[in-house]
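Work through the exercises below with the sequence and the 3D view side by side. Try each task before reading its solution.

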Amino acid sequence: MELDPQFGTKETLKRLVTESHKRGIRVMLDAVFNHSGYHFKPFQDVLEKGEDSKYKDWFHTHSLPLDEENLNYDAFGFVETMPKLNTKNPEVKEYLLNVAKYWIRECNIDGWRLDVANEVDFDFWRDFRKAVRSEKEDAYILGEIWHDSMPWLRGDQFDAVMNYPFLTAILEMFAKNTITPTQFAEKMTKVYHMYPHTVNMAAFNLMGSHDTPRILTECKGNLDKIKQIFTILLTFTGTPCIYYGDEIGLDGEQDPGCRKCMPWEDENQDLELRKHVQSLINLRKDHKVLANEGDLLFVAHDPDVVMYKRESSDSLAYVCINPSKQSKA
C-alpha cells in the first residue's frame, strides 16, 4: 500500500493521474501478485519463526524452517528472493484484492498489468476482476502471458494479454531471418485465428517490452526493418503498444539494457523515425479500416513480399512489406 519514496509520494501519483486524465491519457500500474520480494514482512516472519509464524501458509513451503540455499519453497524462476504467494490462502487473497482496489480508490488509476499471470490460479483472477470492476467499471485488465491465452480471455478474467506470439513472428522474419514472408503470413494468420474477433480487437500487440532486448538491437540497427515493423504494428488488428523510446531509435540489450532512460532531447533522438511513426499513427486514426473497423486477410501475391488487405463495408486498403533487397512491383 506504499510507494517507493524514490518515485515520489501518493500525492505525486495522484497528480500524475489527474494531469494524464486531462490529456486523455489513462494510467495503468504493473502488479506482481504471483510472488513477493525478499523483504516482504510476512516472508521475513516465516524465515525468522518457521512453524511458529502466522504467515507460514502464505507461501508454498515444502518444509520448515525455510532453506534458501536448497530452496524448499516455491519461488519465481527458482530465485530464492522471490517466494511464490499462495493465492489459494483466503488471507493472501484478501490482502492482494485489497491492494488491487486500493490504488484505484486512492489514486484513480485506470487498470492493471499483471506480471506472470499464467502462474496464478484462475479462481483468483476471476475474483480479481470482480474486485477491480467494483471500484471502476471500465478498468482495463492486461495479463502477461507468452503463449495461447484463450483460457484467460473468456470474459471472466482479463480484457487482453500481451501478444507475444505476434512479436515472435516479427522477430523470426525481420531480426533472425529464419522464416520467409510466406511463412510469416502463415504464422500471423495462426496468431490471428487463435482468438475470436472480439479478443483480437483488444489484443495488446507489441514489438518489444521491458522483458526483451530492444527491437532496434534485435534488428542490428537496421532502421529500414524497424520502419517496416512499425508499419505492421500500426496497421494490424488490435491495440498497438509502443515501448517507450522505440519510436526514436532507442537501443538496448536484454534487461537491464532494454530499460535505459529515455533521451528527451531532440539531438539524441532519431527524428526521421519518429516522424515515420507519427505518420503511421495518423493514418490509423484517419483511416479506421487500418485499425479495428476492417477485417484482415493475408494475400499471396509474391513469395518475397508480405501483403495483407484491410477491408470494411466501405473501405479497402492493402499493406505491402518488402523485406528483401530487390525492388518489387
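Buried means under 20% relative accessible area, exposed over 50%, and partly exposed in between, with a 1.4 Å probe and protein chains only. Helices (H or I, at least four residues) and strands (E, at least two) are DSSP runs, numbered from the N terminus. The model is predicted: local features need pLDDT of at least 70, side-chain atom pairs count only at pLDDT 80 or more, and totals for chains, interfaces and linings use all residues. Residues are numbered from 1 along each chain as its sequence is written, and side-chain values use heavy atoms, with hydrogens and water left out.

**Exercise 1. Describe the cover of helix H5 and what comes after the helix.**

Step 1. Locate H5 at residues 164-175.
Step 2. Count the covered positions: 11 of its 12 residues are buried.
Step 3. Name them. The buried residues are Tyr164, Pro165, Phe166, Leu167, Ala169, Ile170, Leu171, Glu172, Met173, Phe174 and Ala175.
Step 4. Move past the helix end. Asn177 follows H5 and has a positive phi, near 55°.

**Exercise 2. Work out how H5 and H6 are oriented and which residues meet.**

Step 1. Two packed helices are described by the angle between their axes and the distance between the axes. Axes are lines fitted to C-alpha atoms, for helices over the stretch in contact, and angles run from 0 to 180 degrees between N-to-C directions.
Step 2. Read the values. The axes of H5 and H6 (residues 181-192) come within 9 Å and cross at roughly 175°.
Step 3. Classify the angle. Under 35 degrees counts as roughly parallel, over 145 as roughly antiparallel, 65 to 115 as roughly perpendicular, and the rest as oblique. H5 and H6 are therefore roughly antiparallel to each other.
Step 4. List the contact (heavy atoms within 4.5 Å). H5 contributes Pro165, Phe166, Ala169, Ile170, Glu172 and Met173, and H6 contributes Pro181, Phe184, Lys187, Met188 and Val191.
Step 5. Sort by class. Ala, Val, Leu, Ile, Met, Phe, Trp, Tyr, Cys and Pro count as nonpolar, Asp, Glu, Lys and Arg as charged, and the others, Gly among them, as polar. The H5 contact with H6 has nine nonpolar, no polar and two charged residues.

**Exercise 3. Repeat the analysis for H1 and H3.**

Step 1. H1 covers residues 10-22 and H3 covers residues 90-107. They pack at an angle of about 70°, with their axes 9 Å apart.
Step 2. That angle makes H1 roughly perpendicular to H3.
Step 3. On the H1 side, Lys10, Leu13, Lys14 and Val17 take part; they meet Tyr102, Trp103, Glu106 and Cys107 of H3.
Step 4. By class, the contact of H1 with H3 has five nonpolar, no polar and three charged residues.

**Exercise 4. Place Phe128 and Gly208 in the fold.**

Step 1. Phe128 lies in helix H4. Its relative accessible area is 0%, so Phe128 is buried.
Step 2. Set aside neighbours within four places in sequence. Phe128 then contacts Phe33, Leu97, Ala100, Trp112, Leu114 and Ile141.
Step 3. Check a C-alpha pair. Phe128 and Asp156 are 28 residues apart in sequence and 9.6 Å apart in space.
Step 4. Gly208 sits in the loop between strand E5 (204-206) and H8. At 4% relative accessibility, Gly208 counts as buried.
Step 5. With neighbours within four places left aside, Gly208 is in contact with Leu167 and Tyr243. Leu167 is also one of the buried residues of H5.

**Exercise 5. Inspect the backbone at Val116, Lys220, Pro65 and Pro256.**

Step 1. Val116 is not a glycine, yet has a positive phi of about 45°. It lies in the loop between strand E2 (111-114) and helix H4 (122-135).
Step 2. Lys220, also not a glycine, has a positive phi of about 55°. Its loop runs between helix H8 (215-218) and helix H9 (223-233).
Step 3. Which of the two is buried, and which exposed? Val116 is buried at 4% relative accessibility, whereas Lys220 is exposed at 72%.
Step 4. The Leu64 to Pro65 peptide bond is cis, with omega near 0°. Pro65 is in the loop between helix H2 (41-49) and H3.
Step 5. Asp255 and Pro256 are joined by a cis peptide bond, omega about 10°.
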